[in-house]
Amino acid sequence: MKTELALTHKSAQHAQIVLLEEPESHLSFSKLNQLIKAIEQKYEDKQIIISTHSSFVANKLGLENLLLLDNQKVVRVTELPSADFFKKISGYDTLRLILCKKAILVEGDSDELVVQKAYMTKNNNRLPIEDQIDVVSVGTSFLRFLELATALDQKVVVVTDNDGDIDAIEKKYANYIKDNKKDNIKICYDEVVDTGTLTIGSKPYNYNTLEPKLLKANGNNLTLFNSILNTDFDTLEDLQKYMKHHKTETALAVFDTREDLTFPEYILEAIDDE
C-alpha cells in the first residue's frame with residue numbers, strides 16, 4: 001500500500017525517473033504480482049529503476065532489461081530469445097543462475113539431492129552452495145537456461161540422463177558439445193547405454209536414468225542399498241522397481257546416508273569441473 005501511495009503521489013506523477021527498492025519485501029506472492037502489474041500498466045511512460053533479489057520480479061519485468069552489478073562491473077542480458085518465456089512463466093529461479101559462481105542444472109528433486117550428496121562426499125561434507133555453486137532444478141527447460149548462461153558468459157554444467165538415446169541427447173545439445181563446445185558450458189551425461197530384461201507391466205525398464213546408474217556405479221550392491229533405504233529386498237529387480245517408484249524417498253535416503261557410496265562418472269565430472 002505504501003508503494004502504491006508513493007507512486008500515485010503528485011511528485012511521482014511529475015517525475016520522469018522512479019527508483020524502487022526491492023518491491024518484493026514484505027509482500028505475499030499474489031500482492032507482489034499485483035504490484036508488478038500496476039508498475040507495468042500505470043507507469044510505462046516513465047523510466048523506472050528497480051533493485052531486486054527476486055527472480056519473479058526480474059522475470060516479470062523482462063530479463064532483457066536486467067543490469068547485473070558485480071564487483072564494480074555492469075553486465076547486461078542482450079538478445080535473449082527466452083526472455084518472453086521467463087516473463088510468462090515467471091516462477092523459474094533465473095537469479096540463482098545469474099548470481100552464483102557456478103550453476104549445476106538438473107531436471108528434478110532427486111537429481112538435485114544426489115548431485116549435492118556427491119559434492120559433499122568430495123568436499124569435506126560442504127554443500128555446493130557454501131562454495132557459491134548452486135544446484136538448480138529446471139525441469140525440462142535446460143535450453144532456456146543455457147541461453148541465459150550464454151548471454152552472460154556464466155559458468156554452467158548440465159547433468160542429464162541419456163534415457164537410452166545418445167543421439168537424441170547430442171541433437172538436443174548440439175550447440176554446446178563437440179565442435180560447438182563453449183568454454184563456460186558443459187553437458188554431462190553417461191555415454192553408455194545399458195540394457196536388461198526387466199519389465200514393469202508391459203514396458204521395458206529404463207536402465208539409463210539416475211537410480212539404475214547409481215546402482216551400477218556401486219556394483220548393483222543389494223545389501224548396501226537395502227541398508228541405505230531400510231528395505232529387505234531379495235532380488236535386484238525388486239530393488240530397481242522400488243527405486244523407480246520411490247525416486248524422492250530414494251534420493252533423500254542417499255543424501256542422508258553415512259554409507260560409502262560411489263557416484264556415476266558423469267555426476268563426478270559435473271562437480272569436479274572448474
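**View 1. Asp-153, at 57% relative accessibility, counts as exposed.** The model is predicted, with local features needing pLDDT of at least 70 and side-chain atom pairs counted only at pLDDT 80 or more, while totals for chains, interfaces and linings use all residues. Residues are numbered from 1 along each chain as its sequence is written, and side-chain values use heavy atoms, with hydrogens and water left out. Exposed stands for over 50% relative accessible area, buried for under 20%, and partly exposed for values in between (1.4 Å probe, protein chains only). The exposed residue Asp-153 sits in the loop between helix H8 (142-152) and S7. Its phi is near 55°, a positive value in a residue other than glycine. Most residues other than glycine have a negative phi.

**View 2. Gln-132 is a residue other than glycine with a positive phi, near 65°.** The loop that holds Gln-132 runs between helix H7 (109-122) and strand S6 (133-137). With a relative accessibility of 52%, Gln-132 counts as exposed.

**View 3. The whole chain, shown for orientation, has 14 helices and ten strands.** These elements are DSSP runs numbered from the N terminus: helices are H or I runs of at least four residues, and strands are E runs of at least two. Along the principal axes, the C-alpha atoms fill a box of roughly 75 × 40 × 40 Å. The chain has 274 residues, of which 45% count as buried.

**View 4. Arg-96 and Asp-93 form a salt bridge through their side chains, at 3.3 Å from N to O.** A salt bridge is counted where a side-chain nitrogen of Lys or Arg lies within 4 Å of a carboxyl oxygen of Asp or Glu. The structure holds eleven of these contacts. Both partners in this view are partly exposed: Arg-96 has a relative accessibility of 30%, and Asp-93 one of 32%.

**View 5. A salt bridge joins the side chains of Lys-186 and Glu-269, with an N to O distance of 3.3 Å.** The two residues are 83 residues apart and link distant parts of the chain, Lys-186 belonging to strand S8 (residues 185-188) and Glu-269 to helix H14 (residues 265-272). Glu-269 is partly exposed, its relative accessible area being 33%.

**View 6. Asp-194 and Lys-213 pair in a salt bridge whose closest N and O atoms are 2.7 Å apart.** This pair also links distant parts of the chain, with the two positions 19 residues apart: Asp-194 lies in the loop between S8 and strand S9 (199-200), and Lys-213 in helix H10. Asp-194 counts as buried at 18% relative accessibility, and Lys-213 is buried with a relative accessible area of 3%. Through salt bridges that share partners, Asp-190, Asp-194, Lys-213 and Lys-216 are joined into one network.

**View 7. Lys-216 is placed in helix H10 (residues 210-217).** This lysine counts as partly exposed, with 39% relative accessibility. Its C-alpha atom is separated by 9.1 Å from that of Phe-263, and the two residues are 47 apart along the chain.

**View 8. Glu-107, Asp-163, Asp-165 and Asp-167 form a negative surface patch.** Patch members have over 30% relative accessible area and no salt bridge; like charges are joined within 9 Å, and nonpolar side chains (Val, Leu, Ile, Met, Phe, Trp, Tyr) within 5 Å. Asp and Glu count as negative and Lys and Arg as positive, while His and the chain ends are not counted. One of the patch residues, Asp-163, is in the loop between strand S7 (156-159) and helix H9 (166-172). At 47% relative accessibility, Asp-163 counts as partly exposed.

**View 9. Cys-100 and Cys-188 are shown in a structure whose disulfide count is zero.** Cys-100 takes part in no disulfide, the nearest cysteine sulfur being that of Cys-188, 15 Å away. A disulfide is counted where two cysteine sulfur atoms lie within 2.5 Å. Cys-188 has its closest cysteine sulfur in Cys-100, and the 15 Å separation is too far for a bond. Both cysteines are buried: the relative accessible area is 11% for Cys-100 and 0% for Cys-188.

Key. Areas by Shrake-Rupley, 256 points an atom, 1.4 Å probe, with all protein chains shown as cover. Charge placed at Lys NZ, Arg CZ, Asp CG, Glu CD.
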